[in-house]
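Open your viewer, get the selection box ready, and take the stops below in order. Each one says what to select and what you will find there.

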Amino acid sequence: MIVAMQEKATEDQIDAVTNAMMEAGVNVHRTTGVSQTILAGVGPTASLDLETFEQLPGVLNVHRITAPYKLAGRAFRPEGTVVEFPNGAKIGGNQVAVIAGPCAIENSEQIFTIAKCVKAAGAKFLRGGAFKPRSSPYAFQGLGIPGLKLMHEAAEENGLMAVSEVMELSQIEAMLPYTDCFQVGARNMQNFNLLRELGQIRKPVLLKRGIAATIEELLLSSEYIMSGGNYDVILCERGIRTYETSTRNTMDISAIPVVHKLSHLPIVGDPSHGTGRRDMVAPMAKAAVAAGADAILVEIHPNADKAASDAAQTLYFDQFEKLMADLCVIATAVGRTL
Ligand code: PEP
Ligand code: MN
C-alpha cells in the first residue's frame, strides 16, 4: 500500500501513521520527495481497511499497489529517483551521465590512461571489471581485487566514481573500500542472495537486465535490493537475446520509456553489450539518449582491438570523444544536458 502524506504533514503525524502501519504488520519504507512524504507498506496489506489509514491526521490519500513490485513502482517516488555520488555526480534527473571504461581492468597503465580520457571527455564514472563473468572458463577472468585497487586509484586521481561488477556474495566486503557503485551483471540479475545482500549496503547498485528477462522481472530484482533499504538502484538495458544474429544482443530501446513509465528508478543504456559491435555503439547510444536514458555505459580502450575482453564492441578514444560531442546535441534536443 502507498500512503501519500499531505504537503504540510508534520513529523509527528508521519510517525503516527508509520506506527499504525507497523502495528498492522506491514514493513514501512519512507521516502521524502520535494513536496511530500510517501510511506510504502509492504506485507499482508490485502486484509487491511485502507479507509482507517486515510482518516489519520496528515494523510492525503491511500491506495493499494497492484503491481508485484512495490518499492520500484513509480508511486513510491513520483518525481523519479536521483542517485547521488560523493563526487557530485548524479544518475537520474535532467543531466545524462556517462559511464565509461574498459570491459576488464588489465594493468596500471591501461586503467590510468583510460581514466584520464574519461575525465577529459567530461564523464564522471570510470567502469572496469575486476571479476569478469566470461562465457568460457578459459577466457581472461579479470585481475580481482588488485585490479580493482588500481581502478580505484585511477578514479580518485581524476575525480571519477569507480563502478565495478560483483559476481558473488563473498566479494562484496572486499570490494567495498574500492567501489563507489556495484554492478550486477546480466547473468546475476536473478542471483537473489546477492541482490538481498546488496540491499544491506549503502552504496548504489547498477542492475543489468538479464539476457532473457522481462522488464517486470528486472523490476522485481530491483525490489530485492530496495526491500533491504538500499533505494539507490540504477537499472540497465544491455540488450536481450532474440532470434536476430546481426548483433550480439538486441538492444531493447523501448525498455527505457517502459521503465520510466512503470518505475521511478533511473535507467542506463549500454549499447556496447547491447550490440557487441563497435560500429553500432554510437547510433544506439544516441538512440538511448533520445529515448530518455539517464546514462550511457560504453566500453573504451586505447588499443580497442587488443582489449582482453569484449574487443569487438570497444570504442577507441577518438570514437568516444566524438560520441560525447554527439550525445551533447541529442541530450539538448530532448531537453536535457550532458
Ligand atoms: C560487462 O559489463 O562487461 C558485462 C559482462 O556485462 P553484461 O553483464 O551485461 O553481459
Ligand atoms: Mn564487457
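Start by selecting Arg30: with a relative accessibility of 32%, Arg30 is partly exposed, since buried would require under 20% and exposed over 50%. Keep in mind on this tour that you are looking at a predicted model. Arg30 sits in strand β2, which covers residues 27-32. Add Arg336 to the selection and draw a distance between the C-alpha atoms: the two residues are 306 apart along the chain, and the separation is 29 Å.

**Along β2 to its partners**

Now colour β2 together with β3, residues 37-42. How many bridges join β2 to β3? There are six, and the two strands run antiparallel. To see one facing pair, pick Thr31, which stands opposite Ile38 in β3. Four residues lie between β2 and β3, and the two strands form a hairpin. Strand β3 is mostly covered, with five of its six residues buried.

Extend the selection to β1, residues 2-5, which pairs with β3 in the antiparallel sense over three bridges. Here the residue to click is Ile2, whose bridge partner in β3 is Ala40.

**The parallel strands β10, β11 and β12**

Next, select residues 205-208, which make up strand β11. Show the side chains: Val205 and Leu207 point one way, while Leu206 and Lys208 point the other way. That fits a general pattern, because side chains in a regular strand alternate between the two faces of the sheet. Are these four residues of β11 buried or exposed? All are buried.

Bring in β10, residues 181-184, which pairs with β11 in the parallel sense over three bridges. Then add β12, residues 233-237, which pairs with β11 in the parallel sense over four bridges. Leu206 is a handy residue to centre on: Gln183 stands opposite Leu206, and in β12 the bridge partner of Leu206 is Ile234.

Turn on the helices to follow the connections. From β10 the path goes through helix α6, residues 192-198, to β11, making a right-handed β-α-β unit. From β11, helix α7, residues 215-226, leads on to β12, and this β-α-β unit is right-handed as well.

Pause at Ser227, in the loop between α7 and β12. Ser227 has a relative accessible area of 37% and is therefore partly exposed. Val268 lies 41 residues away from Ser227 along the chain, and their C-alpha atoms are 21 Å apart.

**Ligand 1**

Select ligand 1 and display its surroundings. Which residues surround ligand 1? They are Cys103, Arg127, Lys132, Glu165, Gln183, Gly185, Ala186, Arg187, Lys208, Arg238, His273 and Glu299. You have already met Gln183, opposite Leu206, and Lys208, in β11.

Three polar contacts are worth labelling:

- Arg127: an N or O atom of its side chain is 2.4 Å from an oxygen atom of ligand 1.
- Arg238: an N or O atom of its side chain is 2.6 Å from an oxygen atom of ligand 1.
- Lys208: a polar side-chain atom is 2.8 Å from an oxygen atom of ligand 1.

On its own ligand 1 exposes 300 Å², and the protein buries 98% of that.

**The manganese ion**

Now select ligand 2, the manganese ion. Its coordinating atoms are SG of Cys103, NE2 of His273, OE of Glu299 and OD of Asp310, at 2.0 to 2.4 Å. Along the chain, these donors follow the spacing C-x169-H-x25-E-x10-D. His273 lies in helix α9 (residues 271-275) and Glu299 in strand β14 (residues 295-299), so this pair ties together parts that are 26 residues apart in sequence. Both His273 and Glu299 are buried.

Click on Asp310 next, in the loop between β14 and α11 (317-333). Its relative accessibility is 18%, so Asp310 counts as buried. Check the backbone too: Asp310 has a positive phi of about 55°, although it is not a glycine. For context, most residues other than glycine have a negative phi.

**Last stop: Arg278**

Finish with Arg278, in helix α10, residues 278-290. Arg278 has a relative accessible area of 17% and is therefore buried. Show its side chain together with Ala311: a polar atom of the Arg278 side chain lies 2.7 Å from the backbone oxygen of Ala311.

Note on methods: Residues numbered from 1 in each chain as written. Chains lettered and ligands numbered in written order. Predicted model: local features only at pLDDT ≥ 70, side-chain atom pairs only at ≥ 80, totals over all residues. Heavy atoms only, no water. Buried < 20%, exposed > 50% of the residue type's maximum accessible area, 1.4 Å probe, protein only. Pairing = 2+ DSSP bridges. Right-handed = clockwise from strand over helix to strand, strands pointing away. Donors = N, O, S within 2.8 Å, 3.2 Å for Na, K, Ca; no water. Near = heavy atom within 4 Å. Polar contact = N/O pair within 3.5 Å; in protein donor to acceptor, adjacent residues only side chain to side chain. Areas by Shrake-Rupley, 256 points an atom, 1.4 Å probe, with all protein chains shown as cover.
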